[in-house]
Amino acid sequence: MMESLLATARRPARRNEPLTTYYRRHLPELHRLERLIRKGASRLDTTVIAEIRDGDLALPLYALTLGNPASDAPVLMLSGGIHGVERIGTQLLLAQLRNLLSRLEWDQGLQQDLAHIRLVLCPLVNPVGMAHGWRSNGNGVDLMRNAPIDAEAPSAWPLSGHRVGSWLPWYRGARDSAMQPESQALCDLVTAQIADAPFTLALDCHSGFGMRDRIWFPYAGSQRMLEHAAEVHALTRLFERAQPHHPYVIEPQFHQYRTHGDLWDYLYAQQRERQGGIFLPLTLEMGSWLWVKKNLRQLTSFKGLFNPLVPHRHKRILRRHSLLFDFLIRATRSWQSWLPDEDSRARHQRQAVRRWARPERS
Ligand SMILES: [Zn+2]
């Protein structure tokens, strides 16, 4: 399956072909997502939150919710495919969704977890970019540089985001223009879903940076310590005790680079302004340089820099993160039992500063 997936992905998308052919040839992930939506129809609440144009076609941007629909339920938000070339993030979420749907048939623990929390999935945020194998969306905008927020201490230009033009990667979009439909739809979705939630965890799946798998928390645009660093620290400790051999480097994103227009910085700031519930947005950055090192052939392919090309490695990656997803579900369900109280909060904040104020040398 992987081989045919690659073969289709390498060909540029031809506009004006029928939708089903287009899906099969250029966007097997969307095809698979729609099959899962049909399979899980009795449990999933599915919405098309935007239609994204590619020539004559309109591609659906799907949001799925699963579990407790009450507006004051805690929320776990999972997203991927913001950068179209990073297909593995979307594939990882589709594998998790398939796993959840089949386990919900029999797994009473999971059924109880989902009776308490709401899972919100947006597995393919940038369908046009993915169909064409682009990082950007169809307008050449890098959606993860597209929020109306400037970095306090940006990294080197142009990686930090720029307004020169869509011909150069990391384009933020024109100054004072509206957000792109994909980023706007994602922001509206998150805002609506977490408005009354007392606690929200988010995990946005990316790939392509470095040798290690990383879990990042804000800020992406500032070297300030996050206001909820105490909560992130408590969550990190919980994870490290539950999974002492986990593969992740957990750190603020600014340790690696700093960018303008980060959607999660923006959403976090908005939630604080509204004085809403606790919102901890995390990014999973899968370290694809390791896949490249183990298979130098990947260097000859742009896609190979962001996605595993060897089938056994692809399967291993889909398996590798299952522990993380299970943990996030449990941590969201039981948020009240581990979130620091007034007394322990100051201690966690101090420990967070000690641990994360400066990048570790690695
Ligand atoms: Zn990315």
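Angles between helix axes that are under 35 degrees count as roughly parallel, those over 145 as roughly antiparallel, those from 65 to 115 as roughly perpendicular, and the rest as oblique. With that wording in hand, two helix pairs of this structure can be described, and it should be kept in mind throughout that the model is a predicted one.

## Two pairs of helices

Helix α8, which covers residues 229-242, and helix α12, which covers residues 322-333, have axes that come within 11 Å and cross at roughly 125°. An angle of roughly 125° falls in none of the three named ranges, and α8 and α12 are therefore oblique to each other. The handedness of the crossing between α8 and α12 is right-handed. On the side of α8 the contact is made by Leu235, Leu238 and Phe239, and these meet Leu324, Phe327 and Ala331 on the side of α12. Sorted by class, the contact of α8 with α12 holds 6 nonpolar residues, with no polar and no charged ones.

The second pair consists of helix α3, residues 28-39, and helix α4, residues 87-103, whose axes come within 11 Å and cross at roughly 15°. Since angles under 35 degrees count as roughly parallel, α3 is roughly parallel to α4. The crossing of α3 and α4 is left-handed. From α3, the residues Pro28, Glu29, Arg32, Leu33, Leu36 and Lys39 take part in the contact, and from α4 the residues Arg87, Thr90, Gln91, Leu94, Leu97, Arg98, Leu101 and Ser102 do so. By class, the contact of α3 with α4 divides into 6 nonpolar, 3 polar and 5 charged residues.

## Salt bridges

Side chains of opposite charge can pair when their charged atoms come close. In this structure there are 15 salt bridges, and three of them are set out in the table below.

| Salt bridge | N to O distance |
|---|---|
| Glu29 and Arg87 | 2.9 Å |
| Asp142 and Arg135 | 2.7 Å |
| Glu251 and Arg214 | 2.9 Å |

The salt bridge of Glu29 with Arg87 belongs to the helix pair described above: Glu29 lies in helix α3 and Arg87 in helix α4, so the pair ties together parts of the chain that are 58 residues apart in sequence. Is Glu29 buried or exposed? Its relative accessibility is 0%, and because buried means under 20%, Glu29 counts as buried. Arg87, with a relative accessible area of 2%, is buried as well.

In the salt bridge between Asp142 and Arg135, the closest N and O atoms are 2.7 Å apart. Asp142 has a relative accessible area of 1% and is therefore buried.

The side chains of Glu251 and Arg214 also meet in a salt bridge. This pair links distant parts of the chain, with Glu251 in strand β7 (residues 248-252) and Arg214 in strand β6 (residues 213-217), 37 residues apart. Glu251 is buried, its relative accessible area being 4%, and Arg214, at 6% relative accessibility, likewise counts as buried.

Salt bridges can also join several side chains, and here Glu152, Arg224, Glu227 and Arg272 are linked in a network of them.

## Backbone details in the loops

Where in the chain is Pro158 found? Pro158 lies in the loop between α6 (127-132) and α7 (181-194), and the peptide bond that joins Trp157 and Pro158 is cis, with omega about 0°. Another cis peptide bond joins Pro218 and Tyr219, where omega is about 15°. Tyr219 has its place in the loop between β6 and α8, and β6 is the strand that contains Arg214.

The loop between α6 and α7 also contains Trp170, which has a positive phi of about 70° although it is not a glycine. Trp170 has a relative accessible area of 24%, and because this value lies between the limits of 20% for buried and 50% for exposed, Trp170 is partly exposed. Asp176 is likewise placed in the loop between α6 and α7, and Asp176 has a positive phi of about 65° although it is not a glycine. With a relative accessible area of 77%, which is over 50%, Asp176 is exposed.

Methods: Residues are numbered from 1 along each chain as its sequence is written. This is a predicted model: local features need pLDDT of at least 70, side-chain atom pairs count only at pLDDT 80 or more; totals for chains, interfaces and linings use all residues. Side-chain values use heavy atoms; hydrogens and water are left out. Axes are lines fitted to C-alpha atoms, for helices over the stretch in contact, and angles run from 0 to 180 degrees between N-to-C directions. Helices (H or I, at least four residues) and strands (E, at least two) are DSSP runs, numbered from the N terminus. A crossing is left-handed if the near helix is turned anticlockwise from the far one by less than a right angle, and right-handed if clockwise. Contact means heavy atoms within 4.5 Å. Ala, Val, Leu, Ile, Met, Phe, Trp, Tyr, Cys and Pro count as nonpolar, Asp, Glu, Lys and Arg as charged, and the others, Gly among them, as polar. A salt bridge is a side-chain nitrogen of Lys or Arg within 4 Å of a carboxyl oxygen of Asp or Glu. Buried means under 20% relative accessible area, exposed over 50%, partly exposed in between (1.4 Å probe, protein chains only).
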